[in-house]
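Work through the exercises below with the sequence and the model in view. Each task is followed by a solution in steps.

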Amino acid sequence: MTALRQVGGYILIGLYAIQGGRNTATIAWKELRTYFASPGAYIVAAVFLAVTGVLFVNSISGTFAEASVRGFLEPTALFVVPVLAPILSMRLLAEEQKLGTMELLLTSPVRDYQVVIGKFIASYIILILTISLTFFFVFLLVWKGDPDMGPILSGYLGFVLYTGAALSVGILASSLSSNQIVAAIVGFGIILILILLGQASELVTGLFSTILEEASVLEHFNDFSRGVIDTWHLVYYLTTIATFLFLTVRSLESRRWR
Amino acid sequence: MAAEPVIEVENLTKYYGNFPAISDVSFTVDKGEILGFLGPNGAGKSTTMKILTGYMPPTEGVVRIAGYDVVSQSLEARKRMGYLPETVPLYTDMTVRGYLGFMGSIRGMSRDSIRRRTGDVVDICRLGDYTDTLIGKLSKGFRQRVGIAQAILHEPDILILDEPTIGIDPIQVVETRQLIKDLGTEHTVVISTHILPEVSAICQRVVIIHEGEIVAMDSPENLAERLQASAQVVVDVRGPKEKVTAALQGIDGVQGVTVTPLERGAATYTVTSGRDQDIREEVARQVVQQGWGLLRQESLSMSLEEIFLRLTTEEPSS
């Protein structure tokens with residue numbers, strides 16, 4: 001009897017998961033369509049490709065230039081991503097608040113976290129597609145040079161994780177304001193602080209320095225671009241993404257209480 | 001047979017900081033009823049609607065939709081509800097069809113039923129020629145219809161419409177009201193409005209809310225009668241009951257006096273008069289002239305009247 005009840009419980013949980021997945025997928029799908037239907041994402045992608053192109057050319061122009069992606073992924077991570085991620089995510093929740101559709105979304109039989117995760121997935125897909133445009137540079141490297149594929153793959157893995165963390169910050173910022181521009185600037189600010197923690201760690205010593213360094217969102221990317229995949233860095237990025245998404249859900253909830 | 005209530009609201013209180021937006025609001029709505037939520041701007045209508053739909057939790061009190069608590073059994077309650085917030089929530093970059101499809105989908109409708117119901121609601125809301133138009137290009141009136149269309153898409157038992165006729169032109173107002181009236185035959189409807197004729201035109205029952213409190217709850221006809229027939233003045237007087245009653249009844253225009261005894265020889269007298277006569281001065285004069293103690297005088301139905309005065313009693317004209 002208890003076994004039967006247990007099985008029933010699992011089936012119920014499974015059904016909830018399917019329904020939950022469905023809601024998340026519906027929201028993700030709607031966001032993806034919005035991205036593709038509006039010119040914004042294409043413009044962002046074009047500018048991104050142009051800027052990374054300059055950084056790529058720069059990275060292979062030196063006298064002892066190496067055939068690797070590290071040379072342009074690292075400056076991209078430092079200078080481009082803090083702007084790119086908030087711009088891609090600024091619309092997600094800010095616009096819902098401005099249009100009033102947030103009220104509709106949150107009074108539909110959908111959980112708050114399904115809304116947040118759905119939107120994160122959609123923007124992450126767009127972000128990964130944008131990043132994948134730079135595979136063109138990899139193709140050039142393979143064609144004209146003889147790059148080591150290991151660090152390229154690990155570099156891209158780290159880069160995607162790092163931008164995912166930046167994106168989750170952008171979504172949190174988007175939940176804080178109904179103004180997209182404000183959301184983008186706040187997101188940029190938080191990402192910048194998370195990067196600068198690494199710089200600040202060099203100014204102090206001991207445990208405090210270690211803490212700052214480990215907290216910095218960019219420091220964990222460096223090992224990836226050198227070709228090292230450390231579980232600790234994976235855990236760091238996944239935890240960071242989860243934390244900021246969780247904070248976003250709480251931020252949505254707090255809107256209801258006001 | 002008494003219809004069972006599908007919406008139960010008990011002692012609802014909501015504070016914004018220290019400011020009570022609504023306090024101790026209780027009412028029920030029966031199945032198939034159209035309930036009007038009437039009050040001047042800022043009376044707490046939208047706050048109540050937001051709590052009913054589970055968007056905001058109340059500070060105190062309980063709301064049950066079809067028996068489900070909107071806070072603890074939120075999803076079950078939400079499934080049975082269609083909601084049109086005050087600012088019509090539309091994605092301006094979607095087509096009407098795309099928008100309805102998305103709304104149906106997040107409410108767990110199957111693809112087939114979305115297709116079927118989209119056709120239905122497009123007919124009901126007369127959106128026929130605009131299904132593939134971007135919502136951003138529609139006029140205010142049509143956007144309102146799209147808003148109603150999404151609210152009824154999933155055939156909810158309960159429809160909650162917050163100021164559904166605000167900001168649209170008079171012809172569309174008439175159409176929208178007829179639409180709501182028609183919907184009332186199949187759904188339980190709660191609409192909020194600050195326009196007096198609107199509730200008389202649509203609703204079977206009215207809840208009047210003012211400064212966060214329910215001041216009256218009745219059918220539109222009874223309310224109108226109560227308001228027009230008489231005005232009441234309440235006085236606390238210390239003096240011989242019979243003589244005071246006689247003196248008050250002797251005042252020109254007084255239709256009746258009821259007495260509720262207080263302590264130490266005082267009593268509360270409720271004096272009813274015709275609405276067009278102001279007897280307040282005469283009441284005070286009579287009491288004072290006889291040498292009785294006038295402890296308190298208050299105009300009872302004035303509060304209700306004042307609220308009505310603040311309501312929009314005229315139809316918006318073009």
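**Exercise 1.** Classify R126(B) as buried, partly exposed or exposed, and describe its backbone.

Solution. The model is a predicted one. Step one is to count neighbours: R126(B) has 13 other C-beta atoms within 10 Å. Step two is to apply the cut-offs: 20 or more would make a residue buried, and 12 or fewer would make it exposed. R126(B) is therefore partly exposed. Step three is to place the residue: R126(B) lies in the loop between α4 (111-124) and α5 (140-152) of chain B. Step four is the backbone: the phi of R126(B) is positive, about 50 degrees, although this residue is not a glycine.

**Exercise 2.** Do the same for E155(B): where is it found, and is it buried, partly exposed or exposed?

Solution. E155(B) sits in the loop between α5 and β7 (158-162) of chain B. With 14 other C-beta atoms within 10 Å, E155(B) is partly exposed. Its phi is positive, about 50 degrees, and E155(B) is not a glycine either.

**Exercise 3.** Check the length of α5(B) against the expected span, then find how many of its residues are buried.

Solution. First take the length. At 1.5 Å a residue, the 13 residues of α5(B) should span 18 Å. The C-alpha atoms at its ends are 19 Å apart, which agrees. Next take the burial. Eleven of the 13 residues are buried, so α5(B) is mostly covered. Among the buried residues are F142(B), R143(B), V146(B), I148(B) and I152(B). Last, look for what lies over them. The cover of the buried residues of α5(B) includes β6 (81-84), α3, α4, β7 and α6 (170-183) of chain B.

**Exercise 4.** Describe how β1 and β2 of chain B are joined, and which strands form the edges of their sheet.

Solution. Strand β1 (residues 5-16) and strand β2 (residues 19-30) of chain B run antiparallel and are joined by eight bridges. Two pairs can be located in the model: E8(B) has T28(B) in β2(B) as its bridge partner, and Y15(B) stands opposite P20(B). The two strands form a hairpin with two residues between them. In that turn, G17(B) has a positive phi of about 65 degrees. Now widen the view: an open sheet of four strands has the order β2-β1-β4-β5 in chain B, with antiparallel pairing. Its edge strands are β2 and β5 (68-69) of chain B, each of which pairs on one side only.

**Exercise 5.** Summarise chain B as a whole: what are its elements, its extent and its domains?

Solution. Start with the elements: chain B has eleven helices and 14 strands. The C-alpha trace spans about 80 × 45 × 45 Å along its principal axes. Of the 318 residues in chain B, 40% are buried. Among contacts with a separation of 6 or more, 68% join residues 24 or more positions apart. The chain is divided into domain 1 (5-225) and domain 2 (230-306), and the centres of these two domains are 43 Å apart over C-alpha atoms.

**Exercise 6.** How many residues does each chain give to the contact between chain A and chain B?

Solution. Chain B gives 21 residues and chain A gives 19. On the side of chain B, the elements that give two or more residues are α2 (74-79) and α3 (96-106). By class, this side has eleven nonpolar, six polar and four charged residues.

Conventions. Residues are numbered from 1 along each chain as its sequence is written. Chains are lettered from A and ligands numbered from 1 in the order in which they are written. This is a predicted model: local features need pLDDT of at least 70, side-chain atom pairs count only at pLDDT 80 or more; totals for chains, interfaces and linings use all residues. Two residues are in contact if their C-beta atoms, placed from the backbone, lie within 7 Å. Ala, Val, Leu, Ile, Met, Phe, Trp, Tyr, Cys and Pro count as nonpolar, Asp, Glu, Lys and Arg as charged, and the others, Gly among them, as polar. The expected span of a helix is 1.5 Å times one less than its number of residues. Domain bounds come from an automatic or database domain assignment. Two strands pair if DSSP finds at least two bridges between them.
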